[in-house]
Amino acid sequence: MIQENLNIVRATVPSNVTLIAVSKTKPVSDLQEAYDAGQRIFGENKALEMRDKHQVLPDDIQWHFIGHLQTNKIKYIAPFVTLIHAIDSLSLLEAVNKEAVKNNRVIDCLLQFHIAQEDTKFGLDMEEAKTLLESDSFKDLKNVNIVGVMGMATFTDDSAQVRNEFKNLKNIFDTLKENYFADKDSFKEISMGMSDDYPIAIEEGATMVRVGSKIFGARNYNI
Ligand SMILES: *Cc1c(COP(=O)(O)O)cnc(C)c1O
């Protein structure tokens, strides 16, 4: 079932867009099934869960941390994480840098922006991002590399609204690229789109989509 779902999703994701299989709450056997179907990039949103899965699954998996990251949990994922999607403050970025130094790594990160019409979602606005990027403390961080932006659209059936929110994130990306990362080729990622809205996100310029339930089935949080 997972392999069939994966093939259906893959058929709708162009080759220049990275498909992240969001496997949070799912058992290792489900990830192994996706792995056997060729999937190598997985997204998790709990540090300990990601560390535990990383320990038992093959080494060539790329682990993307997609959720809100607590400072005291960074140490569990810093040795191996490929990309942290949801940086929403300078202090979090400083804490990631500190763990990256300990592991002698440079960790790629995305800045998360608040694009939804909901109070509940984390993320920066443009002013906060500017303050962060222009701060002296940011310039001293040598072990984190900002490679793009991430956002989550409002949970709604109104696809016009969702499309506008994705357009907004694309504009934010373009502005940051022009003003802060013009000569940095690695700043190129726009992580947006989930199971229900990723086709719209791709139309609006997503370079990474984060798809969970459409691959692994609905999640059960009560287990
Ligand atoms: C859970 C989650 C997803 C995937 O959600 P689906 O609707 O199951 O595809 C994507 N991004 C983030 C940040 C998530 O927490």
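**Exercise 1. Helix 6 beside helix 8**

Task: In this predicted model, work out how helix 6 and helix 8 are oriented relative to each other.

Solution:
- Step 1. Find helix 6 at residues 126–134 and helix 8 at residues 159–180. Their axes come within 12 Å and cross at roughly 25°.
- Step 2. Compare that angle with the cut-off: angles under 35 degrees count as roughly parallel. Helix 6 and helix 8 are therefore roughly parallel to each other.
- Step 3. Add the handedness: the crossing of helix 6 with helix 8 is right-handed.
- Step 4. Look for the residues that touch. From helix 6 come M126, K130, L133 and E134, and they meet I172, T175, L176 and Y180 of helix 8. Sorted by character, the residues of this contact are five nonpolar, one polar and two charged.

**Exercise 2. The two sides of helix 6**

Task: Which residues of helix 6 are buried, and which exposed residues sit on the face turned away from them?

Solution:
- Step 1. List the buried residues of helix 6: A129, L132 and L133. They cover an arc of only 90° around the axis, so they lie on the same side of helix 6.
- Step 2. Recall a helpful rule: an α-helix has 3.6 residues a turn, so residues three or four places apart point the same way.
- Step 3. Turn to the face away from the buried side, where you will find the exposed residues E127 and T131.
- Step 4. Ask what covers the buried residues. The cover includes helix 5 (90–102), strand 5 (107–113), helix 7 (136–139) and helix 8.

**Exercise 3. Try it again with helix 3**

Task: Which residues of helix 3 are buried, and what do they pack against?

Solution:
- Step 1. Helix 3 spans residues 47–56, and its buried residues are A47, M50 and K53. Viewed down the helix axis, they fall within an arc of 135°, so they line one face of helix 3.
- Step 2. On the other side of helix 3, Q55 and V56 are exposed.
- Step 3. The packing partners of the buried residues are helix 2 (28–36), strand 2 (41–44), strand 3 (62–65) and helix 4 (74–77).

**Exercise 4. Helix 1 and helix 2**

Task: Are the axes of helix 1 and helix 2 parallel or oblique?

Solution:
- Step 1. The axis of helix 1 (residues 2–10) and that of helix 2 come within 9 Å and cross at roughly 50°. That angle makes helix 1 oblique to helix 2.
- Step 2. Helix 1 passes helix 2 in a right-handed crossing.
- Step 3. I2, Q3 and L6 of helix 1 make the contact with D30, E33, A34 and D36 of helix 2. These residues divide into three nonpolar, one polar and three charged.

**Exercise 5. Two positive phi angles**

Task: Where do T25 and N104 lie, and how exposed are T25 and N104?

Solution:
- Step 1. Start from the general pattern: most residues other than glycine have a negative phi.
- Step 2. T25 is not a glycine, yet its phi is positive, at about 70°. T25 lies in the loop between strand 1 (18–22) and helix 2. With a relative accessible area of 23%, T25 is partly exposed.
- Step 3. N104 is not a glycine either, and its phi is positive at about 55°. N104 lies in the loop between helix 5 and strand 5. Its relative accessible area is 71%, so N104 is exposed.

Methods:
Residues are numbered from 1 along each chain as its sequence is written. This is a predicted model: local features need pLDDT of at least 70, side-chain atom pairs count only at pLDDT 80 or more; totals for chains, interfaces and linings use all residues. Side-chain values use heavy atoms; hydrogens and water are left out. Buried means under 20% relative accessible area, exposed over 50%, partly exposed in between (1.4 Å probe, protein chains only). Helices (H or I, at least four residues) and strands (E, at least two) are DSSP runs, numbered from the N terminus. The arc is that of the directions from the helix axis to the C-beta atoms. Contact means heavy atoms within 4.5 Å. Axes are lines fitted to C-alpha atoms, for helices over the stretch in contact, and angles run from 0 to 180 degrees between N-to-C directions. Angles under 35 degrees count as roughly parallel, over 145 as roughly antiparallel, 65 to 115 as roughly perpendicular and the rest as oblique. A crossing is left-handed if the near helix is turned anticlockwise from the far one by less than a right angle, and right-handed if clockwise. Ala, Val, Leu, Ile, Met, Phe, Trp, Tyr, Cys and Pro count as nonpolar, Asp, Glu, Lys and Arg as charged, and the others, Gly among them, as polar.
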